[in-house]
Amino acid sequence: MTFRAPVDDLLFVMTHGAGLGKGLAEGLYPDLDDGMAAALLGEAGKFAESVLAPLNRGGDKEGARLENGVVMTSPGWIEAYGRWREGGWNGVCAPVEHGGMGLPHLLQAACLDMWNAANMAFTLAPLLTFGAIDALVEHGSPELQERWLGKLVSGEWTATMNLTEPQAGSDLAALRARAEPAGDGTYRIFGQKIYITYGDHDMTDNIVHLVLARLPDAPAGTRGISLFLAPKILPDGARNDLRCTALEHKMGIHGSPTASMSFGDHGGAVGWLVGEENRGLACMFTMMNAARLAVALQGVGIGERAFQQALAFAVERKQGRSARHRGAGMSPIVHHPDVRRMLMTMKALTQAARVICYMTAESLDRAHRLEDAQARQAASERAGLLTPLAKAFATDIGSEVASLGVQVHGGMGYVEETGAAQHLRDARIAAIYEGTNGIQAMDLVTRKLGLSGGAAMRREIADMRGVIAAARAAGADFAPMAARLGEAVDALERSVAVLGAASPEAAGAGATPFLRLFALARGGAGLAALALAARQEDPADPAGRVALAQFFAQNLAPGSAALETAIVQGYESVLNSDAALGISQTFP
Ligand SMILES: Cc1cc2nc3c(=O)[nH]c(=O)nc-3n(C[C@H](O)[C@H](O)[C@H](O)COP(=O)(O)OP(=O)(O)OC[C@H]3O[C@@H](n4cnc5c(N)ncnc54)[C@H](O)[C@@H]3O)c2cc1C
């Protein structure tokens with residue numbers, strides 16, 4: 001099925017759900033005046049529809065492969081990347097002084113939403129390059145920036161992120177790759193990395209690897225990790241001492257080569273230090289935070305794609321007779337209430353995740369663009385608070401929505417013919433990489449809730465309550481929505497207090513339910529804001545935004561009560577689970 005880029009819808013969410021309208025009025029986005037956002041999104045949408053989407057299926061069937069030490073991408077990938085480069089798409093957010101367009105993160109988020117929907121496996125290559133550009137802009141020396149940034153921004157080269165090793169996944173303290181000073185300002189890197197996305201490929205002449213490694217005598221743990229830049233091809237044209245030794249066989253994203261990398265088999269891979277010695281993790285976090293939002297948008301993109309496909313199928317496929325059916329013969333399945341429930345769930349979850357992601361992007365823009373230091377700090381804290389929420393919620397619902405998409409198709413969803421199964425297989429990884437969703441939930445509860453003594457979370461709750469009050473005042477048909485969302489925010493506020501006083505173990509057990517509860521409240525309030533804006537724009541609400549927000553508030557937000565119970569009481573059975581799990585009291 002073809003993909004339709006929902007440009008108008010994304011603009012509406014940017015404007016009314018994520019503060020683009022307010023930002024434009026405040027002069028925060030002078031670069032987006034005069035319809036610039038609409039024009040650029042329109043072009044990005046055309047690229048998604050006409051170049052990326054047609055290659056999605058082929059990439060799944062005939063994925064990247066390693067032959068005689070050379071990684072070859074799927075048919076059509078090289079040409080598509082050439083067009084990507086010509087379009088200058090790597091540079092949307094990159095600084096103007098390095099050849100980029102210097103446009104807001106919010107705009108890039110909406111572009112990524114469509115590109116991921118069209119072809120998640122392809123878009124992973126630029127997605128990691130965006131993160132590397134951010135890391136080099138923030139932490140690279142002027143010499144490194146001068147030599148490497150221009151060609152990353154132009155798209156002539158791509159970049160990778162080399163963290164994971166067999167014994168060091170979520171726990172980077174266990175990292176063993178090492179780097180030795182060569183005495184001439186460069187380093188020699190040795191070690192094995194696994195699961196490296198686009199670790200090698202044939203779309204560009206060079207690949208810039210950002211690699212975490214330990215210097216000799218570095219302190220143990222995460223305080224002894226440094227970041228290095230090691231290119232595939234050195235500035236003098238020689239091949240660097242690093243190579244792809246294998247590609248993984250995966251459940252999905254077959255078009256994206258996932259490489260095992262070996263550094264330093266023949267004397268050491270030449271690398272340059274990025275940032276300060278032993279401060280590599282902080283530098284890598286710049287890259288990872290950008291990548292976390294981009295991965296969150298994979299969940300949104302796949303959700304959108306799966307929804308479009310399921311809706312098209314439900315309108316065509318006929319089975320049974322619905323109560324509303326007047327004509328002869330069978331009804332299209334879209335008329336059955338249970339199918340409608342699935343489709344509305346798919347659409348509402350995707351839109352709620354989208355609004356959270358766009359809010360996150362907007363707070364990043366505010367953190368970079370506001371003049372007032374205090375307001376910048378508040379925006380930066382908001383971005384910190386919302387990033388794990390966006391990453392985990394959007395990628396969890398990406399899988400849930402894709403799974404519902406399979407369900408709407410019935411047996412046709414389980415066989416590969418329709419492509420519905422590919423969305424489910426592709427979506428699944430996003431909850432695992434860039435920090436598993438469990439790690440995101442822990443980050444939210446243990447680090448982000450306490451930002452500025454809890455002020456960041458209190459501001460978020462106040463913002464949601466403001467939207468709910470506006471909904472309550474908006475008329476009778478908004479009243480049930482306001483009531484259910486009010487209950488969700490109440491449950492959230494009580495849970496924040498409970499977690500603030502909980503033991504680390506109890507907080508760990510409650511972290512994932514808490515993240516979902518936060519997302520139900522934040523996403524529900526976001527949809528309510530969109531509904532209010534839609535009603536004001538046109539009382540007839542042709543896009544059905546009021547109905548969508550109402551559906552979310554009445555069908556999904558009430559899950560908050562169950563989540564609160566899990567947070568407040570459920571941790572006991574999680575922690576006292578030795579007998580039920582059949583494991584001994586004493587851990588090995
Ligand atoms: C297709 C693919 C592409 C990837 N791309 C890259 C890449 O480009 N670069 C790169 O460096 N890596 C990449 N990765 C690696 C990825 O980031 C890791 O797989 C991920 O961080 C999880 O690490 P792990 O697989 O070792 O799982 P583990 O860390 O072993 O986790 C297993 C489970 O235990 C849980 N867990 C672990 N520790 C804790 C804890 N402290 N508290 C609570 N729960 C915990 C996790 O949430 C998870 O559910 C990729 C992986 C895949 C599969």
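Start with Ala528: leaving out neighbours within four places in sequence, Ala528 is in contact with Val467, Ile468, Ala471, Met481, Leu485 and Ala549. Contact here is a C-beta criterion: two residues qualify if their C-beta atoms, placed from the backbone, lie within 7 Å. Keep in mind that this is a predicted model, where local features need pLDDT of at least 70, side-chain atom pairs count only at pLDDT 80 or more, and totals for chains, interfaces and linings use all residues. Residue numbers run from 1 along each chain as its sequence is written.

**The core**

Ala528 also turns up in the largest nonpolar core, which has 195 residues; Ala48, Phe228, Ile356, Cys357, Leu485 and Ala528 touch the most other members. A nonpolar core is a set of buried Ala, Val, Leu, Ile, Met, Phe, Trp, Tyr and Cys residues joined through C-beta atoms within 7 Å. Buried means 20 or more other C-beta atoms within 10 Å of a residue's own, exposed means 12 or fewer, and partly exposed is in between, with C-beta atoms placed from the backbone. As background, nonpolar side chains tend to be buried together in soluble globular proteins.

Which helix gives the most to this core? That's H6 (residues 105-139), with 22 residues. Helices (H or I, at least four residues) and strands (E, at least two) are DSSP runs, numbered from the N terminus.

Trp115 lies in H6, and it counts as buried because it has 29 C-beta neighbours inside 10 Å. Setting aside residues up to four places away in sequence, Trp115 touches Ala48, Leu52 and Thr123. His16 is 99 residues from Trp115 along the chain, and their C-alpha atoms are separated by 22 Å.

**Two helix pairs**

Next, the helix packing. The axes are lines fitted to C-alpha atoms, for helices over the stretch in contact, and angles run from 0 to 180 degrees between N-to-C directions.

H16 (residues 504-537) and H18 (residues 559-575) have axes that come within 8 Å and cross at roughly 170 degrees. That makes H16 roughly antiparallel to H18. For the labels, angles under 35 degrees count as roughly parallel, over 145 as roughly antiparallel, 65 to 115 as roughly perpendicular and the rest as oblique. By class, this contact of H16 with H18 has 13 nonpolar, 3 polar and 3 charged residues. The classes are simple: Ala, Val, Leu, Ile, Met, Phe, Trp, Tyr, Cys and Pro count as nonpolar, Asp, Glu, Lys and Arg as charged, and the others, Gly among them, as polar.

On the H16 side, the residues that meet H18 include Ala509, Pro513, Phe514 and Leu517. Leu517 is buried, with 26 other C-beta atoms within 10 Å. Apart from neighbours within four places in sequence, Leu517 is in contact with Ala491, Leu492, Ser495, Ser560, Leu563 and Glu564.

The axes of H10 (residues 373-409) and H14 (residues 455-472) come within 9 Å and cross at roughly 85 degrees. These two helices are therefore roughly perpendicular to each other. Ala378, Glu381, Arg382 and Leu385 in H10 meet Ala456, Met457, Arg459 and Glu460 in H14. That contact divides into 4 nonpolar, no polar and 4 charged residues.

Arg376 lies in H10 too. With 15 other C-beta atoms within 10 Å, Arg376 is partly exposed. Arg376 touches Ala367 and Leu370, not counting residues up to four places away in sequence.

**Around the ligand**

How many residues surround the ligand? There are 19, and the closest are Leu163, Gly169, Ser170, Thr436 and Gly438. A residue is near the molecule if its C-beta atom, placed from the backbone, lies within 6 Å of it. Strand S3 (158-162), strand S5 (187-197) and helix H13 (437-448) are the elements that give two or more residues to this shell. By class, the shell has 9 nonpolar, 9 polar and 1 charged residues.

**Two positive phi values**

Finally, a pair of loop residues, neither of them glycine, with positive phi.

| Residue | Phi | Loop | C-beta neighbours inside 10 Å |
|---|---|---|---|
| Tyr198 | about 55 degrees | between S5 and S6 (207-213) | 28, buried |
| Asp217 | near 65 degrees | between S6 and S7 (226-231) | 6, exposed |
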